[in-house]
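Biologist: Could you pick one part of this chain and go through it closely for me, then show me how it sits in the rest? I'm happy with plain talk, as long as you tell me what your words mean.

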Amino acid sequence: MPKSNSETVDFDEIIDRRAVGALKFDPALLQSVFGRQDLWPSWVADMDFKAASEIQNALRQRVEHGVYGYESDNTRLPEAVCSWLDERYDWSVQPGHILFSPRTLTSISVLISLFSNKGDGVIIQPPVFYDFKMLIHAQHRKLVKNPLKLEQGTYQMDFEQLESVAAQPENSLLILCNPHNPIGRVWSRETLSRLAKICAAHQVFVIADEIHGDITYQHRYTPFASLSDAAAQNCASCVSPVKSFNLAGVANSMIVIDNEDKRQQCKDWFNQFEINKNNVFTTSAMLAAYTRGGDWLQQVTHYLQQNIDTVRDYLQQQIPSLKMIEPEGSYLLWLDFRALNLDAKQLSSFLVEQAGIAGNPGHWFGREGAGFARINIACPKKVLLEALAKLKTAVDALA
Ligand SMILES: Cc1ncc(COP(=O)(O)O)c(C=O)c1O
């Protein structure tokens, strides 16, 4: 266990999330999406762990205050976020360049609508988080693919193909996912710099979804906007404590945007719809996360790393036909089922009916993901081992 000033957190505790209506465990939803309820819910990207005690205490204190009226704009929170980003990632952000938004997907949707026109192309890099496609279509933009290439077990960006799609004048935006959901890559400074150059050369504005940036293993996350002034001027960065601190039900998301003109356009949009008031609990939770959550984050990352090691070892020893794509960040694992020779429909059915897993079949992330599946390992190790044992029985039965 790494050194820590705070208490040691018990991530092995099994907590009943059904009691509070957790989306991931919702019986009606499991039934409608997967056709069954008796599954290991591994499909929604949140953690089955309690939030840091520092965050719980901050919320408790705020509840106990008892008055929940309008709050003035909080300057402490943007300052805390700036210190966090600077100390951890050498990213110097001005507090005034941070805009608050209800969700990261809200931010991306607003950015698409403001900085491209109907019919324009938006470039994504599949296999990638499926909601990008949904937002692009909802905004009546064209989905343009720059698929990742899988080379010797590692995904790489295809810069030649990117150059050609970026050069088409109607393709005005690119959504970067770093760390990349579902494959878990933490893009290197070199890779990001190549992408930045191509996008700048062809006036393709970058929406950098960095929601998973705080959870990385041996690799350090490089914020796109920290590459250079030119990169910072040509991007809007979406950062959030939602994934790293498990606050999807309470926290806001943020857009960091250095370009003054574009920042003003975003501000005007949020003001137009009056999306500019704080939720008092959100502010308390986020402030606690960014000022006192570091120890907890270190501990949870360590626990997640152990779960990743567990899956890797288990597959190698018990289910050698399945392979794990080594994650560099996030708690999402991308598993390679191609050796089972199942088509997309068969793999989906195998996962549910034989293995009892409500995971995310790879084709949800684009046809480039076919033959793979994403699982979420942010759960107690005991739960993970039970799921792996069931998976082994299912794979053995295919032989
Ligand atoms: C890459 C990525 N972006 C955005 C989201 C959604 O974030 P939010 O709930 O804040 O919209 C997720 C959730 O899984 C994600 O993985």
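Modeller: Let me pin down two words before anything else: I call a residue buried if 20 or more other C-beta atoms lie within 10 Å of its own, and exposed if 12 or fewer do. Keep in mind that this is a predicted model.

The part I'd pick is helix 2, which runs over residues 53-65. Its 13 residues reach 18 Å from the first C-alpha to the last, close to the 18 Å expected at 1.5 Å a residue. Now for its two sides. Glu54, Ile55 and Ala58 are the buried residues here. They cover an arc of only 100° around the axis, so they sit on the same side of helix 2. Turn to the face that points away from that buried side and you meet Arg60, Val63 and Glu64, which are exposed. What do the buried residues of helix 2 pack against? Their partners are helix 10 (280-292) and helix 11. Just after helix 2 comes glycine 66, with a positive phi of about 90°.

Helix 11 is worth following, as it turns up again in how the chain is divided. There are two domains: domain 1 takes 18-52 + 294-398, and domain 2 takes 57-292. Their C-alpha centres lie 25 Å apart. In the contact, 27 residues come from domain 1 and 27 residues from domain 2. On the side of domain 1 that touches domain 2, the elements giving two or more residues are helix 11 and strand 12 (332-336). Helix 11 gives the most to that side, with 4 residues. By type, the residues on that side of domain 1 are 15 nonpolar, 8 polar and 4 charged.

Helix 11 (294-318) also helps cover the buried residues of helix 13, along with strand 1 (40-41) and strand 13 (357-358), among others. So here's helix 13 to set beside your helix. It has 18 residues (381-398), which at 1.5 Å a residue should span 26 Å, and its end C-alpha atoms are 26 Å apart, so the two agree. Leu384, Ala387, Leu388, Leu391 and Val395 are buried in helix 13. Those five cover an arc of only 100° around the axis, which puts them on the same side of helix 13. On the face turned away from the buried side, the exposed residues are Lys382, Ala389, Asp396 and Ala397.

Helix 4 (residues 104-115) gets a quick look too: its 12 residues should span 16 Å at 1.5 Å a residue, and the end C-alpha atoms are 16 Å apart, which agrees. Buried in helix 4 are Thr104, Ser107, Ile108, Val110, Leu111 and Ile112.

Stepping back, the chain has 13 helices and 15 strands. Its C-alpha atoms fill a box of roughly 60 × 55 × 40 Å along the principal axes. A compact globule of 399 residues would have a radius of gyration near 21 Å, and the chain has 21 Å, so that agrees. Buried residues make up 44% of the 399. As for contacts between residues at least 6 apart in sequence, 72% join residues at least 24 apart.

Methods:
Residues are numbered from 1 along each chain as its sequence is written. This is a predicted model: local features need pLDDT of at least 70, side-chain atom pairs count only at pLDDT 80 or more; totals for chains, interfaces and linings use all residues. The expected span of a helix is 1.5 Å times one less than its number of residues. The arc is that of the directions from the helix axis to the C-beta atoms. Two residues are in contact if their C-beta atoms, placed from the backbone, lie within 7 Å. Domain bounds come from an automatic or database domain assignment. Ala, Val, Leu, Ile, Met, Phe, Trp, Tyr, Cys and Pro count as nonpolar, Asp, Glu, Lys and Arg as charged, and the others, Gly among them, as polar. The radius of gyration is taken over C-alpha atoms; the globule rule is 2.2 Å times the number of residues to the power 0.38.
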